[in-house]
Structures are given as structure tokens and as C-alpha cells.
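Colleague: Could you walk me through this model? I would like to start with the aromatic contacts and then move on to the surface and the overall shape.

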Amino acid sequence: MKKIYNIILIAALTLFSASCTKTFDEPDEFVPVNMEPTHTIAQLKAMRIGGSTEVLENVIVSGKVVSSDAEGNFYRTFFIQDETGGIEIKIGKTNLQSYYKEGQTIVVKARHLTLGSYGGMVSLGERSLESKYENGYIDTDLRINETIFRGSLGPKVTPLEITDQSQITDSRLGTLVTLKNAKLIKRNMATWAQKASGTVEAVYGEHTFQIGTKSVLVRTSGYAKFASEPAPSLNTIADVTGILTKYNTTYQLVLNSLDGVVVK
Amino acid sequence: MKIRATFIFTALMLLFACGMYAQSNGIKGKVVNREGRLPVKGAKVVLMAGTEMSAVTSETGEFQITDIPLGTYSLVVTASDFQPARLNVKVENYMKDLNFITLVAAVTVKNQDAAMMADFDTESSSDAQAIPVILTSSKDVYENIAGYKFSDIRFKNRGYESETSAVYLNGLYFNDALTGYSPWSLWTGLNEATRNQESSTGLDISDYGVSGFNGSTNINATASQMRKGNRFSVVNASGQYRFRLMATIASGEKDNGWSYALSASTRMGGNDWVNGVYYNAFAWFASVEKRLNEKHRVALTLFGSPTERGTQGSSTQEVYDMIGSNYYNPNWGYQDGKIRNSRVRKNHEPVAILNYTFTPNDKINLKAAVSYRFGKNGYSALDWYDAPDPRPDYYRNLPSYYEDDPYKASYIREGWLTDWNIRQINWDKMYDVNRNSEDGRSQYILEERHTDQQDLNAKLQAAINLSAASKLNVGAELRFNKTDYYKTIKDLLGGEHWIDIDKFAERDFASGDAIQNDLNHPNRVVKKGDRYGYSYLAHVQNYKGWFSYKFSKHGFEAYLAGEAGNTTFWREGLYRKGLFPDNSYGNSEKLNFFTYTAKGGLAYSIGGMHRIYANVAYIESAPFFQESFVSPRTRNSVVDGLTTEKTMSADINYSLRLQGVKLRLTGFYTTIKDQTNLISFYDDISRSFSNFSMTGIDQVNAGVELGLSVPVATGLSAEAAFSYGKYVYSSNPYVTQTVDNSNEVILQNERVYWEDYKIPSSPQTALNVGLDYKSPNSIYAGVDMSYYDQMYLDMNPVYRTDFAQVGLSAEESAAMRRQEKFKGAAVLNANIGKSWYIGSYNIGFSLEIKNILNNQSIKTGGYEQMRLKANEDSNGTILNYSRFDSKYFYMFGTTYYLNLYFRF
């Protein structure tokens with residue numbers, strides 16, 4: 001009898017062994033944050049006075065993501081816009097498109113973040129220890145958790161159509177725009193940019209489009225996935241969509257992807 | 001803890017009269033060891049017949065006691081290194097021949113698992129397999145102590161890699177065919193079933209083959225070899241797992257010639273020191289054996305250890321200091337309120353063995369055996385596409401990355417100390433990313449890397465007693481191994497699919513054929529359980545023949561042994577890799593190596609007490625499959641200049657056995673030349689898997705070993721083991737670096753200047769002293785102290801190349817090349833146990849406490865990170881390189897192991 005019990009015990013242990021693997025419930029669905037903004041993005045940008053400016057009030061702004069680093073043309077940064085304007089958030093992380101989707105509402109608690117300008121482009125970031133920059137990347141997870149909140153997903157923002165040169169103004173910096181029927185008048189290379197290879201460094205592509213008499217430089221990173229793709233030939237007319245930026249006196253446009261270029 | 005075997009197992013072959021005429025009342029017989037049935041000389045045979053009558057066995061193991069009064073008596077046979085045997089004999093009025101009395105080797109029985117399967121996840125080694133710490137059971141006075149006591153620091157015997165130690169199972173060589181690794185993980189959890197072990201030390205030859213230069217162990221795991229009886233035990237512990245249950249029954253050999261044995265166990269839970277590490281392990285074993293008649297014996301043995309274990313990753317001292325513990329494990333994160341480990345080993349590789357023994361007469365013993373190993377062996381890891389590195393201790397997530405910005409550094413620190421999702425893996429975030437990705441394409445997944453072997457092993461062996469003084473052992477072995485290397489998707493983490501392209505190549509080539517993992521099936525959509533990434537077969541075929549000849553006379557012994565064989569292996573790619581379309585699919589060239597071993601030894605014994613012996617060996621062995629391809633995951637390219645590894649080894653030994661004193665003193669000297677090594681790791685600078693292929697690694701291992709056991713008082717003995725060595729690299733090898741996502745060679749045959757650097761990862765000085773007590777009423781207790789020193793960190797070869805010195809000052813260069821030496825450390829352990837006999841029942845417990853002083857700062861290993869940090873000027877030009885912080889493992893603080901057992 002004893003033996004039979006033993007055999008049963010051993011058989012039970014063996015059977016038991018087939019059926020035991022750790023399981024985990026899947027995490028709850030993401031709950032979008034719901035916070036009322038206290039300020040508009042234009043109001044926030046206006047708080048920068050003189051130079052590097054730490055936001056000292058309880059400022060909450062909200063906007064939708066309009067940039068994407070999926071194609072590598074943006075790096076460690078994204079842009080949000082509301083009806084009053086757009087701003088660059090220097091978050092400092094990479095592969096942002098996986099977490100901050102185009103069209104998604106983002107709420108930023110700006111208190112103790114720092115407004116800075118580079119070549120006339122105002123951005124929100126962390127204080128910088130390098131004097132040549134007015135602000136730096138937010139970078140750290142804890143700080144991001146405290147300041148940048150993800151709201152609901154939504155459709156991608158429809159770019160503002162710019163059909164006349166008078167529409168190209170500083171108030172539209174940091175927003176998504178389409179240059180309608182712009183003409184490529186100048187370029188520094190036949191591809192959109194030049195990738196690094198071997199010992200050769202990556203080179204920005206600079207393709208100047210014109211609307212009326214105003215020029216907008218389409219500036220493309222050598223780290224963009226589409227860098228090696230051929231750019232249109234000179235005098236091509238195209239609709240070009242991207243984030244309107246500025247470097248000193250030059251208006252620039254940064255493409256999210258080549259989908260933003262529709263040759264006429 | 002040691003439990004001296006208290007049981008007696010005897011196999012008395014024939015107890016009936018042989019009917020021959022006898023001049024007087026008496027008994028005679030031959031005492032042999034169970035394995036190999038070799039004569040045991042010098043055994044004491046005592047008959048309690050009112051007065052004690054005794055005899056000592058001769059050179060051939062024979063004995064005779066005459067003029068015994070008629071009656072039934074108890075006969076006790078004792079011999080050094082064997083368990084005593086007790087049997088009842090009926091003395092009649094003639095010389096009764098008891099024929100064989102079989103003795104079982106007295107092996108100290110450890111109550112812990114035979115191999116500690118703690119997995120240490122290192123980025124630098126091939127993580128195909130766990131490298132266990134083997135707890136050797138040996139009759140050797142040194143190994144008996146060292147094999148167990150030094151295991152806490154992962155001591156490597158004589159500084160050799162563990163794969164140099166041969167492991168046989170039921171007579172078959174079982175070391176891994178692809179890496180040489182010890183195969184203990186195949187039978188982990190089957191302690192009872194695999195307890196019957198014989199071992200040889202150092203250069204000694206074994207009964208099962210010529211063996212190497214680092215000893216051998218043979219496990220006798222057939223039904224008749226297992227201790228008869230039923231056993232059940234419960235373990236509660238804090239060092240590896242929480243609970244263990246084990247049940248075993250063994251029939252012993254029945255009158256009808258049958259014997260059977262069954263065993264099963266489970267090990268569950270984590271330990272006191274490292275979160276995320278757990279066991280979810282089972283084991284099963286069944287063996288049946290039939291003695292067909294006096295000449296033929298057949299056994300079939302089947303077993304497996306379905307095991308799931310969460311592993312421990314290492315981290316840098318910065319991280320340990322930041323969170324205040326040297327036991328931080330970066331591999332896990334909270335999900336569903338529970339700890340989920342990303343690096344889980346899951347394997348079940350059953351083994352079937354058929355053994356056949358033919359003993360036509362007492363001169364010849366023939367053995368045939370065949371085994372087959374199959375099943376699955378997986379190891380999970382995170383994989384990601386177009387998403388940030390999810391590992392919490394990625395260097396950019398640490399304060400040191402912001403050393404120029406104390407403000408950010410303090411934010412990092414605070415995040416680590418206040419938020420589990422920063423300090424550990426953030427599973428919720430990965431699910432979130434995947435659920436919201438376009439068209440359900442997961443960006444984070446859990447992959448499972450597989451090394452699924454099919455291993456067929458066959459052997460024929462004959463042991464021939466040529467004369468009373470000489471014995472010949474010959475064998476032929478054949479091995480076919482086909483191993484499937486691939487990875488599958490274990491969990492899509494909330495997404496719906498994955499696309500099988502090379503994310504690393506995509507960065508450089510954007511699109512087209514180059515980014516395809518398998519050009520034969522481009523842009524394949526893969527789902528849970530599907531194979532992706534890489535897929536190839538390793539074919540290894542090996543055959544060898546060997547002999548050993550032993551001669552002994554008048555205290556003088558000599559042996560000569562040799563082995564010759566051939567190893568062929570090749571890679572068969574199952575994917576046509578986009579980057580290497582002509583060099584990845586199908587068979588690689590077939591690599592062929594002739595291997596051989598030559599060994600000889602002399603021994604001289606004086607009066608059975610002193611023995612002086614010496615061995616010498618020369619071995620040429622084939623490189624292992626895993627080291628022979630520059631990037632086995634992607635292509636068929638073979639390492640340049642591949643050649644056999646050449647080992648020359650010699651030792652001289654003195655052993656003493658005198659009035660309970662046991663001593664062995666050994667000096668050894670070994671050179672190993674032309675070793676190859678492949679180090680594969682994820683290089684986040686080139687954001688790809690990078691491979692260092694090294695050739696021409698030479699080393700010298702020289703040292704002394706001392707084992708000592710001295711009786712101090714009744715039941716009390718003092719024991720010591722001491723190992724002192726000098727293990728150094730003796731050449732400047734070459735390293736070639738390639739990356740999986742490019743056909744570019746990054747470093748070509750770069751010289752690694754590390755001659756005279758130390759062989760890492762094991763203390764070169766190790767000492768253990770202790771007291772061991774056994775009372776007559778089955779109480780036993782022990783206390784011991786270990787001391788370790790001269791232990792060095794595993795090295796990144798590139799730090800020692802000219803390439804890494806460019807732009808460095810003399811001082812910086814010295815720092816770059818320096819090898820870290822760990823601080824010496826002492827560890828105190830103790831154990832206690834007792835067993836009771838109640839009728840035929842035996843019940844008992846044993847408790848072991850390790851590291852009683854709770855020292856939590858003893859480094860047991862680690863490695864230099866394989867990457868180089870490029871220091872750039874403001875224009876992005878690389879000025880020079882510096883090191884990343886090294887990673888370490890630490891010995892656990894105090895742990896206990898409590899075993900309760902019941903036998904009947």
C-alpha cells in the first residue's frame with residue numbers, strides 16, 4: 001500500500017509540474033490626464049523676458065502634439081500647439097513618437113521649468129548649466145513625470161495652409177503649417193540630407209522654398225531616415241508641411257516625414 | 001552541511017553454498033567496489049562470533065576466515081573510502097564462498113542541491129546556458145571540503161573553466177557538445193536519483209574514459225544503483241528558493257532481477273536577497289533495470305527537469321550605492337502588483353539512456369550505452385523597436401551620466417529612490433506604448449532565445465582484467481548533436497504583432513533587402529510563439545576511441561592512457577540575412593579537427609599509509625562551435641586561424657592515511673595554448689550586437705592544493721582545505737570585432753596586451769578550516785570559516801588594445817589597462833543536524849547557516865562592460881576613450897537551509 005501512495009504522490013508532483021507558469025494580468029488601460037490649462041501657449045511663451053526665464057507661477061498649458069521623431073528628423077524634442085501658438089518641449093528623451101503621439105493632448109505643468117530662446121525660437125526645458133543655451137533638456141524621468149502629462153489621443157492636427165507670405169509670422173512659430181504651392185529655389189544637395197558614413201559626418205540638407213518673396217528653409221537632419229532620398233529639382237512647385245521654426249532672421253520648416261512634401 | 005552516509009547498501013551476489021568440499025568451517029569471498037567490480041584491497045572483514053574474528057583482503061580483494069563455530073553471524077566489512085557493509089552469514093561445516101561482497105564508495109552526502117543553479121546574467125557571455133556551481137561529492141579529502149565549501153564564491157578548481165571537468169552520466173560523457181558546459185542543469189532537482197557519484201581528481205584517469213586535467217564525475221543513476229527505500233524530504237531555505245519537496249522510491253534489486261526507481265521534486269519561490277529571482281522548478285525521474293542473468297544486465301533511465309527560473313542581473317557600484325544594497329536586480333519590474341522578471345530561463349530537456357552490461361566472466365566487463373537528449377531551452381529578454389531602451393540601469397538613466405549637472409543628477413537619484421517604475425522595469429509603460437502603436441505593431445516585446453539540442457550519444461566500453469596486476473580499459477564513443485538556435489516571441493506585451501526586420505540595420509540602410517532578417521520571407525509579420533530574428537542549426541559530430549592500461553605490483557602502480565578522435569562541425573543557416581545574402585543561408589564550411597590525449601602516471605604506496613603519485617598529460621581538443629563563428633546569429637563566417645587548444649599538464653601528489661588522519665598535498669602546473677573565445681554583447685554605441693572574437697589565448701595555471709582531516713577527539717575532527725595558485729595569461733591574443741548589423745570589421749586582429757594579467761573570476765587563494773562533529777546518537781554539527789583572496793575581475797580585451805589607448809596620457813592609459821583585484825574576504829558557516837530511528841523509520845533534520853557574519857560586501861564576480869565610452873570634443877570628434885563602470889555580483893548575506901527528511 002505504502003508504495004502505491006508513493007507512486008501516486010510522485011505522479012501528482014509530475015502532473016503538477018506541467019501546469020504551473022507565472023502569469024500576470026495585463027496592466028489597466030491608460031487613463032488620459034484631464035487638467036484645465038491656466039494659460040495659453042502664447043501666454044507662456046510671452047513669459048520669457050530678456051533671456052533664460054524660470055517659470056515661477058503655477059502655469060499649466062495644454063496642446064496637441066504636432067511633431068514626430070518617427071523618421072528621425074526631430075531628436076529629443078517635440079512640439080505642441082493650441083489655438084494661440086506652438087512651443088517646443090525639450091523633453092530630452094528619444095523615440096518620442098511611441099509615447100507622445102501626433103494629435104495627442106499634452107498637458108505641461110511649467111512651474112520651475114525654464115523658458116529659453118535659441119535663434120528666436122522659444123522653447124520650454126530645464127535650466128541649463130551651459131551659458132550658451134538659455135535652457136536645456138528636461139531629461140530625467142522623475143522631472144518628466146512631474147511636468148509632462150499625457151492626455152487623450154486624437155486625430156492629427158490639420159496644418160494651417162499658408163498661401164500668402166503675410167501668413168508667415170513669429171506667432172505661428174512652433175506650429176504645423178503647409179506651405180502651399182511653394183517653389184524650390186535653392187538647395188545644398190540633391191538628397192534631403194547627407195547621412196554619416198565611415199568618418200564622414202552627417203550634413204544637414206537645406207532646401208529653400210519660396211512663397212511670394214518670402215523664403216523658408218526646409219532643414220533636414222542627416223539622421224533622418226529619409227535623408228538619402230532624392231529631393232525635388234530646383235523650381236519644383238510643392239506643398240510642404242512641417243513645423244515652422246526660425247533661426248535668427250531665417251524662417252525654417254522641419255519635416256515630420258516625406259509625406260509632408262507633395263510635388264505639384 | 002554534511003551528512004555522513006549512515007545507511008548501508010550491500011549487494012550480496014550469492015549467499016548459498018557452492019557445495020565444494022571443505023576442510024573446515026569457514027567463509028571466504030572477494031570484496032569489490034560496486035562500480036567496475038574492482039578488487040578492494042586492505043578491507044577489514046570482521047565476524048562477531050563471540051570473539052571477534054577478522055581478516056584483511058589481499059591485493060585481489062580476497063579474504064578467508066577459518067575455524068568458525070557453526071552458527072549465524074553478523075559480518076562487517078569496512079574499508080577506507082567505502083561505506084561499511086553488514087551482512088548475516090550462516091557458517092556451516094565447509095568453506096562457504098560468499099563470492100562478491102560489494103562496497104559502495106563513501107561519498108559525503110550533501111543535503112543541498114548538487115549544483116547551484118543560480119543564474120547570473122552577464123552581458124558579456126553567451127547566455128545560452130546557465131553555468132552552475134558544482135558541489136562535488138568526492139572521497140578525496142581536499143575535494144570533499146573544497147567542492148562544497150568554496151562553492152559560495154564560485155571557486156574554480158585550480159583556476160580552470162568548469163567545462164574542463166568531465167561529467168559522465170551512466171558512463172556517457174555528458175558535457176555540452178556546443179560549449180563544453182557542465183550538464184548539471186539537465187538533472188537539477190534530482191538529487192536523490194543522482195546521488196551515487198564517483199569522481200576522480202585533477203589529472204587522474206576515470207573508469208569511464210581518459211578524462212581531462214580537471215577531474216571527472218560519473219553519476220550512476222540506474223535503478224539498481226540507487227539506495228533502496230522510500231524517502232521524502234521538505235526543505236525551507238532562504239538562499240536559492242523557499243521550498244523544496246522531494247519524493248523518491250527505489251526498489252533495490254529484487255530476487256527476480258528487476259529493480260526500479262522513481263523520483264520527483266519541486267522547488268518553488270525566491271530568496272531573501274535578490275528580488276525577481278525565483279524558482280518554479282520540477283523534476284521527474286524513472287529508471288527500470290533488469291538483471292537478465294549473471295551475465296547480462298539492461299537498464300532504461302528517463303528523466304527531465306522542467307524548470308522556470310528568474311535570473312539575477314548585475315549592476316554597477318553606483319547603482320548599488322544609490323539604493324543601498326548590493327543585491328539590486330535590474331531584470332524585473334512591477335506588473336499587476338507582482339514582480340515580473342524579464343529574464344526568465346525556461347527549459348525542459350528530457351534525457352533517455354539505455355545501458356547494457358555484459359559480464360561473461362570475472363575478467364571482462366562490457367558496457368554499452370546510448371542516450372538521447374531533446375526538448376526546449378529558452379531564455380527570455382526584452383526586445384524593442386523604435387522605442388527607448390527599457391532597462392532601468394541603462395547608463396543614461398544614472399546620476400553619473402549627469403556628472404556635469406548636479407541638479408539633474410539629484411533628480412535622477414530621487415527618482416530611483418521614490419518611484420519603482422524608474423528604479424525597475426516599467427511594464428505598464430511598455431504595454432501602453434504597444435496598445436497605442438499604429439496597426440497593433442508592438443514596439444516592446446519579450447523574446448525567448450532558444451538553444452534546443454538533440455544530442456545522441458553512444459558508447460562501447462570494455463574493462464579487461466589482464467592479470468591480477470594489470471587492467472585494460474578500452475572504449476569507443478560517438479556523438480551527434482544538432483542544435484536549433486532561434487528566438488521566438490514570448491509576449492507581445494499588449495500589441496498584436498511584430499515585423500521581422502533588423503532594427504539595427506534599418507538605421508543604417510533605411511530600407512531594402514539589407515534590413516531583412518530573412519530575405520526568403522521579407523517583412524514577415526510574426527506573432528506570439530513565432531520564430532524571428534535569427535535561426536540556425538549547429539551540427540556537431542564527434543567520434544573517439546580510447547584506452548587506459550593500469551599496472552600495479554608491490555605498491556608500485558603505473559598507467560598509460562590515450563585517446564584519439566575527430567570532431568566535425570558546421571553551421572546551417574535557416575534564414576537568408578539581408579546583410580549577408582550569400583553567406584548566411586545553408587551550410588557553412590565543415591570544420592574538422594583531429595583531437596587526442598596522451599596521459600601517464602606513476603604511483604608508489606608505502607604500507608597503505610603513504611602514497612606518492614604523479615601524472616602528466618598532453619591534450620589537443622577542438623574549439624567549441626560557439627567560439628568558432630564570428631557572428632553565429634547572422635552568418636557562416638568562421639574565425640580566422642581556428643586551431644586546436646593545446647593543454648600540457650602535470651601534477652605530483654602525496655597522500656597520507658594514518659590513524660584517522662587524512663591528507664593530500666598536490667602541486668600542479670598546466671599550460672593551455674591557442675584558446676579561442678567569442679564574446680557577444682549588445683553595444684548601444686553602435687546600437688547592435690557586437691562580437692569580440694579572440695584567438696591565441698594562452699594561460700598558465702600553477703599552484704598547490706592541500707586537504708587535511710585530523711581527528712581531535714571522539715567524533716570530532718578538524719578539517720582544512722587550502723588552494724594557492726598563480727593563474728595568469730601568458731600571451732597577448734588577438735581580437736577581431738564585428739557587429740551583427742554590418743559587414744564592416746571594426747577591429748581586425750588587434751593585439752590584446754594582457755600577458756601576465758590574472759585569470760579572473762575565481763580566488764587564486766582559498767582556505768577553509770572547520771570542525772566537524774558526529775555523535776554516536778546521530779547528532780552532527782560543524783562550524784567552518786572560509787577565506788578568499790587574489791580574485792580578479794573578468795576583463796574586456798579591448799581595454800588592453802592599442803586602439804583604446806589612443807589619446808590617453810600615460811596615467812589614463814594605465815587606468816584603462818588595470819585589472820581590478822577584489823578585496824580578500826572571510827565567511828563563517830555552521831550546521832547542525834540529528835536523525836532518529838523509530839523502528840524501520842528514519843526521521844531527521846539538518847540546518848545549515850551560511851555567512852553568519854552577514855557580510856554583504858563580498859564580490860563573487862563581475863565583469864568589465866564591453867563598450868567603450870567615446871569622449872568627444874564640441875565638434876563631435878572623438879578625442880579618446882574611457883571605460884564604463886564595471887558590474888559586480890555579491891555573495892548573499894546570511895542564508896539558511898533547513899531540511900526535514902523521512903525515510904522508510
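Colleague: How many aromatic pairs does a search of the whole structure find over all chains?

Modeller: Happy to start there. This is a predicted model, where local features need pLDDT of at least 70, side-chain atom pairs count only at pLDDT 80 or more, and totals for chains, interfaces and linings use all residues. Side-chain values use heavy atoms, without hydrogens or water, residues are numbered from 1 along each chain as its sequence is written, and chains are lettered from A and ligands numbered from 1 in the order written. Rings of Phe, Tyr and Trp (its six-membered ring) pair if their centres lie within 6.5 Å, and over all chains the search finds 49 aromatic pairs.

Colleague: Why do the rings of Y729(B) and W754(B) count as stacked, edge-to-face or tilted?

Modeller: Planes under 30 degrees apart count as stacked, over 60 as edge-to-face and the rest as tilted. The centres of Y729(B) and W754(B) are 4.3 Å apart and their planes are at 20 degrees, so the pair is stacked.

Colleague: How many residues apart in sequence are the parts that Y729(B) and W754(B) tie together, and are both rings' residues buried or exposed?

Modeller: Buried means under 20% relative accessible area, exposed over 50%, and partly exposed in between (1.4 Å probe, protein chains only); Y729(B) and W754(B) are both buried. Strands (E, at least two residues) and helices (H or I, at least four) are DSSP runs numbered from the N terminus. Y729(B) lies in strand β43 (residues 716–729) of chain B and W754(B) in the loop between β45 (745–751) and β46 (765–774) of chain B, so the parts tied together are 25 residues apart.

Colleague: How are Y841(B) and F904(B) arranged, and how far apart in sequence are they?

Modeller: Their aromatic pair is tilted, with 6.1 Å centre to centre and 50 degrees between the planes. Y841(B) is in strand β49 (residues 841–850) of chain B and F904(B) in the segment after β54 (895–903) of chain B, a separation of 63 residues.

Colleague: Which ring has the charged end of R611(B) over it?

Modeller: A charge sits over a ring if NZ of Lys or CZ of Arg is within 6 Å of the ring centre and within 35 degrees of the ring normal. K590(B) lies over the face of W570(B), at 4.1 Å from the ring centre. For R611(B), the distance is 4.6 Å from the centre of the ring of Y613(B).

Colleague: Where in chain B is L466(B), and how far in space is it from S238(B)?

Modeller: L466(B) is found in the loop between β31 (444–465) and β32 of chain B. L466(B) is partly exposed, with a relative accessible area of 44%. In sequence, L466(B) and S238(B) are 228 residues apart, and C-alpha to C-alpha they are 53 Å apart in space.

Colleague: What is the radius of gyration of chain B?

Modeller: Chain B has eight helices and 54 strands. The globule rule (2.2 Å times the number of residues to the power 0.38, with the radius taken over C-alpha atoms) is the yardstick. It gives 29 Å for 904 residues, so chain B is as compact as a globular protein of that length, with a radius of gyration of 29 Å.

Colleague: And what is the radius of gyration of chain A?

Modeller: Chain A has three helices and 15 strands, and its C-alpha trace spans about 100 × 45 × 40 Å along its principal axes. The globule rule gives 18 Å for 264 residues, so chain A is more spread out than a compact globule, with a radius of gyration of 25 Å.
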